[in-house]
Amino acid sequence: MRTLLDFEKPIAELEAKLDDMQRLADENNVDVRDAVRSLTENILNLRKETFLNLTRWQRVQLSRHPDRPYTLDYIEKICQEFHELHGDRTVRDDPAIVGGFADIDGTTVMLIGQQKGRKTKERQYRNFGMPNPEGYRKALRLMKLAEKFNKPIVTLIDTPGAFPGLEAEERGQAEAIARNLREMCVLKVPVICIIIGEGASGGALGIAIGDRVLMLENSWYSVISPENCSTILWRSWDYKEQAAEALKPTATDMLNNKLIDGIIEEPLGGAHLDWDDMSNRLKERILSEIAELEKVSPQDRIDARIEKFCSMGFFEEA
Amino acid sequence: MSWFKRTVKGIQTPTEMKREAPDGLWYQCPNCKKAMHTREHKNNAYTCIHCNYHEKIGSEAYFSLLFDDGKFTELDANLRSGDPLNFTDTKPYPDRIRSTEKKSGLKDAARTAYGKMSDLDIVVTCMDFAFIGGSMGSVVGEKIARGIEYALKNKIPFLMISRSGGARMMEAGFSLMQMAKTSARLAQLAEAKIPYISLLTDPTTGGVTASYAMLGDFNISEPQALIGFAGPRVIKETIGKELPKGFQTAEFILEHGFLDFIVDRKDLKDKLASLLKMLA
Ligand SMILES: [Zn+2]
């Protein structure tokens with residue numbers, strides 16, 4: 001069963017009508033080609049109208065669509081081979097972050113991403129995509145491995161935040177994230193970071209320091225989720241739509257504010273409607289960015305990466 | 001996340017002011033409730049002479065405690081917050097800034113100064129909790145980054161004193177990227193092998209802990225300071241039970257291996273100078 005967001009329902013109703021029409025026509029041997037053509041056109045128009053005018057909150061909803069592809073889905077679609085590598089070598093393996101060497105059309109990359117689960121059991125196993133410190137430490141271990149063998153790094157970000165649990169604090173959630181921020185700045189290989197769904201705060205940033213930081217069209221990236229922002233600033237869960245507008249967390253917002261480097265467009269209606277198309281777009285972009293970045297020397301890449309992040313900020317100086 | 005609640009409280013109660021007696025002569029310790037002369041309290045590095053409670057002081061007090069004869073030169077004093085997102089919640093962000101400026105007498109939540117500490121050159125960036133809960137926006141990030149640049153250029157040690165609820169929500173994405181910016185400059189400081197001391201004071205949480213505050217060559221703290229990534233309320237809600245006693249105190253963080261040492265504020269200057277002299 002497909003999951004439908006509110007604003008997807010009118011389109012789905014028309015699609016159901018089209019199915020009915022075609023079935024009836026087949027059963028009764030009637031020519032309905034004109035009606036089908038016109039209804040198909042209506043569907044396309046409604047889809048365009050809906051998706052070209054999404055509110056920020058609607059995009060946040062799309063970023064969490066239960067049918068949206070996750071890290072392992074992209075790996076399945078774009079990698080000819082993938083060797084998953086586990087563990088932080090200190091405490092344990094964190095299933096909320098996966099990573100390993102991957103072959104993408106003959107190019108070897110270190111692919112690391114946050115992983116959500118789709119069914120209840122898997123969702124719990126992946127901790128809803130909320131990493132513990134071990135996840136960040138595993139990610140850094142794998143990045144250093146990539147650096148050692150001179151392979152580019154690709155990270156896929158999709159998290160509602162780093163896990164705010166008791167053990168996570170005991171084992172240094174803050175230290176793990178902080179270390180990644182500093183170490184990723186000076187990695188000698190190209191680093192491409194792509195927000196594929198949710199990019200919530202330090203938990204996202206902890207694997208998102210790169211030469212290129214890109215966002216999928218219907219992802220969000222900010223310092224806090226609209227719901228939590230609403231709870232804190234408005235003292236109620238009910239202002240999430242206003243909070244989403246205020247935070248300006250969409251790909252377009254972030255690009256306009258020069259806080260990311262680019263946007264990867266999704267198929268009309270969202271990534272969840274066409275995994276193959278979306279995966280292809282992602283793959284093409286990854287390969288073209290790697291090719292561009294490999295033209296630059298490691299030291300120049302590092303300098304540019306550092307200066308890019310250091311230029312981010314907005315203030316007055318008298 | 002949760003840390004912001006503290007923040008708002010912080011704006012409304014500038015702690016140092018409220019606890020002073022009307023004539024300004026007496027200080028009542030909020031922990032043991034005992035009174036002492038304000039001068040006595042100040043001479044004890046703003047710590048209680050009875051129970052060692054460390055009052056939450058700001059940049060002015062730290063600068064006067066650390067720099068020889070209280071003499072220092074402030075850097076980048078003219079940076080002020082903009083409003084990059086036209087952010088309005090229950091009131092517009094610029095109004096919040098202006099009223100906080102008035103109340104606190106500060107321009108933002110961090111100040112940077114250089115000078116001599118026991119005859120050693122040092123750059124210090126110190127956060128001020130009185131300014132929107134010490135929240136980290138573009139000005140805080142920029143001041144820290146420039147403080148580090150000054151340390152790099154002049155090859156002198158950098159001391160960061162954190163006291164913050166974390167991110168400044170009203171700068172959203174800009175606030176988040178200050179974590180990246182400060183960490184990037186610290187990466188350069190590390191490559192240049194210039195000492196970086198991070199002092200985490202009560203409270204240090206959220207994105208501040210998860211960036212520059214945890215990246216010291218020496219991570220140090222004051223007794224009983226609250227240090228964490230997530231705030232206690234959020235963790236309590238997540239695990240659905242009470243938190244153990246002493247959770248997220250400096251002593252807890254030391255025990256779990258994320259602090260080098262805890263130092264009484266009245267010993268801070270001497271201990272840092274002694275440590276830095278060994279490295280020189
Ligand atoms: Zn006391």
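Which residue of β4(B) does Glu317(A) stand opposite? Keep that one in mind, I'll get to it in a minute.

Okay, so hi everyone. What we have on screen is a predicted model, with an ipTM of 0.97 and a pTM of 0.95. Let me go through confidence before anything else.

Chain A has a mean pLDDT of 97, and 100% of its residues reach 70 or more. Within chain A, the lowest confidence sits in helix α1, residues 9-28, and even there the mean is 92. At the top is strand β4 of chain A, residues 153-159, at 99. Chain B averages 92, with 92% of the residues scoring at least 70. The stretch to watch is residues 1-18 of chain B, where the pLDDT is below 50. That stretch still makes 42 contacts in the model beyond near neighbours in sequence. As you all know, where pLDDT is low, the predicted coordinates should not be read in detail.

Right, the interface. How many residues does each chain bring to the contact? Chain B gives 53 and chain A gives 46. On the chain B side, the elements that each supply at least two residues are α1 (4-12), β4 (79-81), α6 (138-154), α7 (172-191) and α8 (232-239). The largest share there is from α7(B), with 16 residues. If you split the chain B side by class, you get 28 nonpolar, 19 polar and six charged residues.

Now back to my opening question. The residue opposite Glu317(A) is Leu79(B), in β4(B). That pair belongs to a strand pairing that crosses between the chains: strand β9 of chain A, residues 315-317, is joined to β4(B) by three bridges, and the two run antiparallel.

Let's stay in chain A for a bit. The domain assignment splits chain A into domain 1, residues 6-53, and domain 2, residues 59-310. Their C-alpha centres are 36 Å apart.

There's a helix pair in chain A I'd like you to look at: α4, residues 71-78, and α13, residues 275-293. Their axes are 9 Å apart and the packing angle is about 80°. Why call them roughly perpendicular? Because 65 to 115 degrees is the range we count as roughly perpendicular, and so α4(A) and α13(A) get that label. From α4(A), the residues that meet the other helix are Asp73(A), Tyr74(A), Lys77(A) and Ile78(A). Their counterparts in α13(A) are Trp275(A), Asp276(A), Ser279(A), Leu282(A) and Lys283(A). By class, that contact has four nonpolar, one polar and four charged residues.

One backbone oddity in chain A: Asp105(A) isn't a glycine, but its phi is positive, about 45°. You'll find Asp105(A) in the loop between β2 (97-104) and β3 (107-114) of chain A. For context, most residues other than glycine have a negative phi, and most peptide bonds are trans.

And on peptide bonds, over in chain B, the one from Asp202(B) to Pro203(B) is cis, with omega near -10°. Pro203(B) lies in strand β8 of chain B, which takes us to the sheet.

That sheet in chain B is open and has seven strands, in the order β3-β5-β6-β7-β8-β9-β10, with mixed pairing. Which strands are at the edges? β3 (72-75) and β10 (261-262) of chain B, each pairing on one side only.

Starting from the β3 end, β3(B) pairs antiparallel with β5(B), residues 110-117, over four bridges. In that pairing, Thr73(B) stands opposite Tyr114(B). Helix α6(B) packs on the sheet here, touching β3, β5, β6 (120-127) and β7 (158-164) of chain B, and its direction makes about 25° with that of β5(B). Remember that α6(B) is also one of the elements on the side that touches chain A.

Towards the other end, β8(B), residues 196-204, and β9(B), residues 218-221, pair in the parallel sense over four bridges. There, Leu200(B) has Ser221(B) as its bridge partner. β9(B) then pairs with β10(B), parallel over two bridges, and Ser221(B) turns up again, with Ile262(B) as its partner in β10(B).

That's my tour. Happy to rotate things on screen if anybody wants another look.

Key
Residues numbered from 1 in each chain as written. Chains lettered and ligands numbered in written order. Predicted model: local features only at pLDDT ≥ 70, side-chain atom pairs only at ≥ 80, totals over all residues. Contact = placed C-beta atoms within 7 Å. Nonpolar A, V, L, I, M, F, W, Y, C, P; charged D, E, K, R; others polar. Pairing = 2+ DSSP bridges. Axes fitted to C-alpha atoms, helices over the stretch in contact; angles between N-to-C directions. Parallel < 35°, antiparallel > 145°, perpendicular 65-115°, else oblique. Domains from an automatic or database assignment. pLDDT = per-residue confidence, 0-100.
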